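Biologist: I should like to learn how to read the features of a protein model. May we work through one together?

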Amino acid sequence: MAHVVVVGGGLTGLTVAFRLKQFAPDTAVTVLEPRPRPGGNIGTEEHRGFRVECGPNGFLDRTPAVPDLVRDLGLSDRLIAASDGSRKNRYVFLGDRLRKLPRGPLGLLTTSLLSLRGKWRLVTEPWRKTPPPQAEESVQQFAERRAGKEAADVFADALVTGIHGGDPALLSVRATFPRLPVMEREAGSVVRGFLRAAKQRKRDAKARGEPAPGPMRMWSFREGLQVLTDALAEQLGGAVRCGVTVRAVLEAASVAPWKVYGESSKAWSADAVVLACPSYEQAAILQELSPQLADELAAIPYNRIAVVALGYRERDCPRRFDGFGYIAPQNTRRDVLGVQWCSSIFPDRAPQGFVLWRALCGGVHRAEQVEWSDDRLGKAVHEEIKRAMGVTGEPVYRKIVRWPNAIPQYVIGHLDRVARIDALAAAHPGLFLTGNALRGVAMADCVEQAGLVAAQVANFVQNATV
Ligand SMILES: Cc1cc2nc3c(=O)[nH]c(=O)nc-3n(C[C@H](O)[C@H](O)[C@H](O)COP(=O)(O)OP(=O)(O)OC[C@H]3O[C@@H](n4cnc5c(N)ncnc54)[C@H](O)[C@@H]3O)c2cc1C
């Protein structure tokens with residue numbers, strides 16, 4: 001029987017193992033994970049009725065990958081959708097007040113976020129004929145070229161801060177938002193590309209005899225996102241080995257072509273190895289096997305994030321905050337990147353009479369904040385929340401989680417680097433690299449990639465054993 005070792009028990013590694021069991025049921029799988037609990041940066045904690053997400057807050061149904069996984073795990077009836085208010089009301093904290101991000105053409109025309117000139121540049125995007133430059137563009141350059149500097153400063157920054165905690169001037173548009181340049185190329189404009197894609201989705205649904213799809217939604221589970229990784233780990237049972245840090249992976253001159261080394265000379269033989277841990281860990285693990293591959297992986301930068309969750313009494317809030325929350329554009333260099341109104345997005349995040357909000361601090365420009373003491377971070381976030389939202393009382397609850405290596409940043413040159421990584425890894429048949437550092441950071445990307453990698457591994461072991 002073939003044996004596959006998956007290194008890293010986050011969402012990616014667990015999904016690779018789960019799908020591999022489906023695609024190649026005769027294959028033995030072992031998942032090695034250093035922490036006492038699998039799940040990687042997905043984790044839900046509950047204290048005194050406040051339910052806090054330590055990492056991601058929800059996933060988008062942009063592709064069927066996560067909904068399909070949820071269905072296959074028998075969890076569909078435990079899913080909860082983000083509230084309607086959180087879909088409609090998203091804000092930017094600019095000029096010392098919360099301003100609503102516009103939705104639709106009317107919202108764009110009436111928004112106070114742009115001057116008349118800025119609005120004109122944005123709404124005329126479909127007719128703009130500025131060809132892309134030869135050199136790879138950043139998100140900021142792409143947005144400025146298509147929609148003008150004002151719109152880029154507000155919207156590109158909000159998008160990149162909200163999803164990546166990164167800097168739009170550093171991130172590659174092709175690597176970070178691959179659909180946008182494709183839309184420009186195929187439809188001549190991003191706006192037209194979105195409209196075409198929406199029409200196509202409607203046509204596809206009609207052809208399948210399904211109702212027209214609504215706009216993209218965010219989802220979680222009533223008990224929090226950890227339900228997903230717990231269910232994956234439960235399905236895998238004894239295949240998941242916690243408390244194991246992998247130190248090296250080497251090709252072996254024995255029957256099984258791979259040897260995976262943990263600490264204190266513990267080792268596992270394998271027919272194939274999947275590295276699903278962060279890229280800087282993959283680099284350390286591959287240092288002896290291929291220093292060149294290790295250097296490429298080590299060069300992928302990560303940002304640093306502190307999650308600061310605060311609970312308040314509802315009576316200390318000047319109004320009901322019905323929305324997703326707000327982003328503070330990075331160029332304002334404020335103490336928070338943004339605040340998610342968790343108890344307004346999903347039910348059961350705070351006890352009756354209280355609210356739970358979660359601020360993200362740090363990012364690429366304020367990385368030092370992750371080193372701040374709990375008191376300093378908690379105070380800074382409370383001051384920002386007082387200023388932006390006018391709360392009158394002190395927080396009654398606080399939970400702080402630090403991510404010294406939070407989200408990989410797909411900077412200019414990322415796709416070329418990934419191509420070099422693929423080429424170098426291909427020289428070692430049976431070695432597969434995946435995880436959020438390569439082809440998408442969102443949970444939906446990780447699950448989609450994990451399914452593809454599982455299919456490749458199944459194919460490899462089946463061919464290797466015939
Ligand atoms: C603060 C924060 C907020 C986020 N918000 C969202 C969101 O709202 N929506 C969304 O879609 N995405 C969000 N993301 C991104 C998303 O959570 C991640 O991209 C995704 O969960 C990554 O999964 P992964 O398995 O690839 O990596 P990880 O979760 O990092 O898992 C890697 C695993 O490898 C293990 N490992 C490390 N070293 C070794 C070793 N030497 N040997 C063996 N194992 C090792 C680790 O312990 C870990 O369990 C957020 C991320 C963060 C940090």
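Modeller: We shall take the domains, then the ligand, then one helix. Please keep in mind that this is a predicted model.

Biologist: Into which domains is the protein chain divided?

Modeller: A domain may be assembled from separate stretches of the chain, as domain 1 (3-37 + 226-301 + 410-464) and domain 2 (44-85 + 302-403) show, whereas domain 3 is written as 114-207. The centres of domain 2 and domain 3, taken over C-alpha atoms, are separated by 27 Å. Between these two domains, 12 residues of domain 2 are in contact with nine residues of domain 3. The side of domain 2 that touches domain 3 has six nonpolar and six polar residues, but no charged ones.

Biologist: Where does the ligand lie with respect to the domains?

Modeller: One asks which domains give residues to the shell around the ligand. Domain 1 and domain 2 both do, so the ligand lies between them. The shell holds 36 residues, and the closest are G8, G10, G40, P56 and M443. By class, 20 are nonpolar, 13 polar and three charged.

Biologist: Which helix or strand gives the most to this shell?

Modeller: That is α1, with three residues.

Biologist: How many residues of α1 are buried?

Modeller: Of its 13 residues, 10 are buried, among them L11, F18 and R19. Their cover includes β1, β2 and α17.

Biologist: Why does the length of α1 agree with expectation?

Modeller: At 1.5 Å a residue, the 13 residues of α1 should span 18 Å, and its end C-alpha atoms are 18 Å apart, which agrees.

Key: Residues numbered from 1 in each chain as written. Predicted model: local features only at pLDDT ≥ 70, side-chain atom pairs only at ≥ 80, totals over all residues. Near = placed C-beta within 6 Å. Helix = DSSP H or I, 4+ residues; strand = E, 2+ residues; numbered from the N terminus. Nonpolar A, V, L, I, M, F, W, Y, C, P; charged D, E, K, R; others polar. Domains from an automatic or database assignment. Expected span 1.5 Å × (residues − 1). Buried ≥ 20, exposed ≤ 12 C-beta atoms within 10 Å, placed from the backbone. Contact = placed C-beta atoms within 7 Å.
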